[in-house]
Structures are given as structure tokens and as C-alpha cells.
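Colleague: I am new to this structure and would like a close look at a single part of it, with its surroundings explained as you go.

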Amino acid sequence: MRRAERWIFAPEDARRLAGVRIGLCLLLAYRLSAHDYDVFAARHFRFLPHSYMDVFTRMPSPGLASALQALGIAAALAAALGLALRITLPAAFVSGLILDGMLNSAGRVMVRDALLMLCLAIIVAAGRAAGEVWAVHAPNREGFGERYGWPIRTAMVVIALAYFFAAFQKWRYSGLAWFSSDNLRWILYAQAHPNGFALFIADRPLLAHLFAAGALLLETCFPLVLFMRRLRWLLIPAVVTMHVAIRIALGLDYSAQWLTVLIVFVDWPVVLDSTRRTLAPVTAPREIAG
């Protein structure tokens, strides 16, 4: 436990936390702009609330949905800039939470934005530390300390556990049959209009079993990224590839999930410093006067 505590609360560059804040807020703004929540609210009169949505007695009205969407996008963009973070970040988070809850209260629960919202909750809890650098009011300020490290590593733990428990549920309810049976093949065949990629996999039983086994193994082993940094170069690109393949084969958009993984795990100050060194002009050596 002491080792875990030292790891979570290890000092970190404040710019990395700011990079996570900016990335997650921009991603939230994009996700909120990608849906017509007012149209959804007008068409879905059936209201089956889950969890926190029980506070509503019916589906929020189209007018309220439009207002929350506008507020959420504006607040998320302002939070990305570091403006009035104590107000804008919670406002963006609550707006996104309610709007996502609407989509999940029509009979089918979707978890596409779950990781994004969970990691945003951690950034909200980080408070002022998330907006001390790379903000409009302090564009060049720097910082280093424990208060910048724990939100990032806590988000890493949340992401790792999310993948692990997804695998755990598959092991619990299906076991080896999840990849040894024709489960994946029938999912691919059962689409209304399966595309060529989906049919290519479904028509080859061995390939379908390998895809299913690979996905299950990847989710099971993903927490290793917390302990073995070098494995991040393997497991994180593998997760991105898995979600892209799901999008191509099944049309399910999990871009918010794999983008959240990249935003949290990438060391943004290192990327920025490396880019600056690469783009910096090479100074020609001075000629020695004869």
C-alpha cells in the first residue's frame, strides 16, 4: 500500500495535468456537439432512467436539452482555456453527465463516454491545480509537485480497471466460450448490413476466434501498463486498433474511449519539448576567422 501511495502521489510536471485537462475538455466539447439532443428528447417519450437520472421524472424537454448542450460546449471550451475553472469545468461535467444520461434512458445503456466522464470527474476533483499552467491567465507558468501527479495516475488506474472489469465480466459469464464459440461470428453476421470487413472475419472461424481471444487477452492484461511502462508502447496502440476495428466491423463508435486513453497516458510535456527540438532551426557553426 505504501508503494502504491508513493506511485500515485509522486511529483509530476504541472504541464502534463494541464494537457490532460485541455484534451479531455476539447473531447467533451466535440462529443456534445456530435448529437442532436433536442431531437432525441422529442422522439423518445419512453423514459427508463438509470442511476443518477432517477432525479428526473421524465425525459428532459428538447428546450432543456438544447440549453444544456450549449452550456456544456461553451463551458468545456472555456475550461480548456483555463477560464474560471472552478465554474466552467463542473458546469461542463454536469451538462455532459445529464445529456449522456438522456441517451442511456431510452432503453439501451451505452458506455461510449463513460471513461471520458470518469476521468473528467477526477480533473474536477483536482481543483485549481488543473488550471495553473497552459491557461489564458498563465500561459508560460510552470510547476512541479505531488498535486499535479495524483489526478493523472488516478485516471490511469480508472482506465486500467475499466478494461480489466470488462474482461472480468466476460470471464465470469462466458468463460472460454466467449472466444471458443461462434459468439463473435454471429454478432458480425447479425448486422442489418454487414460490410466486407465484418464478413471477411465472420467467414473465417479461426480468424474470428483469434480476434475474440486477442480482445479478451488485451482487456485482461491492460492493467500491466500501470507497472511496466514499456508495455504501454504495445498495449495502448493495441487498444486503439481494437476500437478502430470494432468501428469498421460493427459501426460502434468508441472513439471517445480510446482518445481518453491517449490523452491520459501520453506525456504531453515530453511530446511538446521533443517537437520543439525537432522544429528548432539548426544554427550553422561559426566560421573561424583566418
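Which residue follows α12, and is its phi positive or negative?

Modeller: The residue that follows α12 is Gly 251, and its phi is positive, near 75°. Please keep in mind throughout that this is a predicted model.

Helix α12 itself covers residues 232-250, which makes 19 residues, and from its first C-alpha to its last it reaches 26 Å, close to the 27 Å expected at 1.5 Å a residue. The buried residues in α12 are Arg 232, Leu 235, Ile 236, Val 239, Val 240, Met 242, His 243, Ala 245 and Ala 249. Among the elements that cover these buried residues are α7, α9 (183-189), α10 (196-202), α11 and α13 (255-265). Val 244 and Ile 248, by contrast, take part in a nonpolar patch on the surface together with Phe 197 and Phe 211, and the accessible area of the four comes to about 310 Å². Phe 211 belongs to helix α11, residues 205-221, and it counts as partly exposed because its relative accessibility is 37%, which lies between the 20% limit for buried and the 50% limit for exposed.

From here it helps to follow the elements that cover the helix, beginning with the aromatic side chains. A search of the whole structure finds six aromatic pairs. One of them joins Phe 165 and Phe 168 edge-to-face, with 6.3 Å from centre to centre and 85° between the planes. These two residues are three apart in helix α7, so about one helical turn separates them. Phe 165 is partly exposed because its relative accessibility is 45%, and Phe 168, with a relative accessible area of 39%, is partly exposed as well. Another edge-to-face pair is formed by Phe 222 and Phe 265, whose ring centres are 6.2 Å apart and whose planes stand at 85°. Phe 222 lies in the loop between α11 and α12, while Phe 265 lies in helix α13, so this pair ties together parts that are 43 residues apart in sequence. Both Phe 222 and Phe 265 are buried, and ring pairs link the two with Tyr 163 into a cluster.

Charged side chains add further links, and the structure holds eleven salt bridges. Between two of the helices that help to cover α12, namely α7 and α11, there is a salt bridge from Lys 170 to Glu 219, in which the closest N and O atoms are 3.0 Å apart. This pair links distant parts of the chain, since Glu 219 is in helix α11 and Lys 170 is in helix α7, 49 residues apart. Glu 219 and Lys 170 are both buried.

Helix α7, which spans residues 146-173, also holds Arg 153. Arg 153 counts as buried because its relative accessible area is 11%, below the 20% limit. If its neighbours within four places in sequence are left aside, Arg 153 is in contact with Trp 7, Ile 8, Ala 10, Pro 11 and Glu 12. Arg 153 is also part of a network of salt bridges that links Glu 12, Arg 16, Arg 153 and Asp 267. Within that network, Glu 12 forms a salt bridge with Arg 16, the closest N and O atoms being 3.6 Å apart. Glu 12 has a relative accessibility of 10% and therefore counts as buried, and Arg 16, at 5%, counts as buried too.

For a wider view, one may look at a salt bridge elsewhere in the chain, where the side chains of Arg 31 and Asp 113 meet at 2.9 Å, N to O. Arg 31 is in helix α2 (residues 14-33) and Asp 113 is in the loop between α5 (85-103) and α6 (114-126), so the pair ties together parts that are 82 residues apart in sequence. Both Arg 31 and Asp 113 are buried.

To return to the part you asked about, α12 has buried residues such as Leu 235 and Val 239, while Val 244 and Ile 248 contribute to the nonpolar surface patch, and the helix is followed by Gly 251 with its positive phi.

Definitions and conventions: Residues numbered from 1 in each chain as written. Predicted model: local features only at pLDDT ≥ 70, side-chain atom pairs only at ≥ 80, totals over all residues. Heavy atoms only, no water. Patch = residues over 30% accessible without salt bridge, like charges linked within 9 Å, V, L, I, M, F, W, Y side chains within 5 Å. Areas by Shrake-Rupley, 256 points an atom, 1.4 Å probe, with all protein chains shown as cover. Helix = DSSP H or I, 4+ residues; strand = E, 2+ residues; numbered from the N terminus. Buried < 20%, exposed > 50% of the residue type's maximum accessible area, 1.4 Å probe, protein only. Contact = heavy atoms within 4.5 Å. Expected span 1.5 Å × (residues − 1). Phe/Tyr/Trp six-rings, centres within 6.5 Å; stacked < 30°, edge-to-face > 60°.
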